[in-house]
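Thank you for asking for a second pair of eyes on this entry. Please have the sequence and the coordinates open beside this note while reading.

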Amino acid sequence: EVNQSIVEMDLSHNKLGGIGEKSVKTKQGGRLSGGAAVAHALGANSTLQSLNLSWNKLGLATAVHLGKAIFYNSTLLELNLAYNNVKDDGAEAIGSALSA
C-alpha cells in the first residue's frame, strides 16, 4: 500500500545498515535490506517531506539506492544522513540525483 499521510519520519538509530541490518520482503517476493528497503519505499512515496536516517551505519550501497529513489521522489525536502558511512562516493550519488 502507498502512504498518503505521513510527511515526517524519524528512523534514526535503527541499525538499517552494517552488521545485523534488518530486511523486508517486497511485493515481488524478493528481499531488500535496511536502507535499500527505505529507499525503495521512498521512490514510490508522494507525501514524505522529511526523513531522518542518522546513526544507521548506512554505506555506499544505500546511498546509491537513495540517490535513485530521490530522482523519482518530488516531495522530499529534508534528508538527514548524519553519522553514517556514506563517504564521498555515496554523497556524490545522492548529489547527482538532486541535480538531475
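The points below go from the chain as a whole to two individual residues.

1. Please keep in mind throughout that this is a predicted model, and that the remarks below describe the model alone.

2. The protein chain has three helices and five strands, and, when followed from the N terminus, its elements come in the order β-β-β-α-β-α-β-α.

3. As for how the chain is packed, 35% of the 100 residues of the protein chain count as buried. Among the contacts with a separation of 6 or more, 77% are made by residues that lie 24 or more positions apart. The accessible surface of the protein chain amounts to about 6400 Å², and carbon and sulfur atoms contribute 53% of that surface.

4. W55 deserves a look at its backbone, since W55 has a positive phi of about 55° although it is not a glycine. The residue is placed in the loop that joins β4 (50–52) to α2 (60–72). With a relative accessible area of 45%, W55 is partly exposed, because this value falls between the 20% and 50% cut-offs.

5. Y83 invites a similar check, as its phi is near 60°, again a positive value in a residue other than glycine. Where in the chain does Y83 lie? Y83 is found in the loop between β5 (78–80) and α3 (87–99). Y83 has a relative accessible area of 59% and therefore counts as exposed, the cut-off being over 50%.

Terms used
Residues are numbered from 1 along each chain as its sequence is written. This is a predicted model: local features need pLDDT of at least 70, side-chain atom pairs count only at pLDDT 80 or more; totals for chains, interfaces and linings use all residues. Side-chain values use heavy atoms; hydrogens and water are left out. Helices (H or I, at least four residues) and strands (E, at least two) are DSSP runs, numbered from the N terminus. Buried means under 20% relative accessible area, exposed over 50%, partly exposed in between (1.4 Å probe, protein chains only). Contact means heavy atoms within 4.5 Å. Accessible areas come from the Shrake-Rupley method with a 1.4 Å probe; for residues, only the protein chains shown count as cover.
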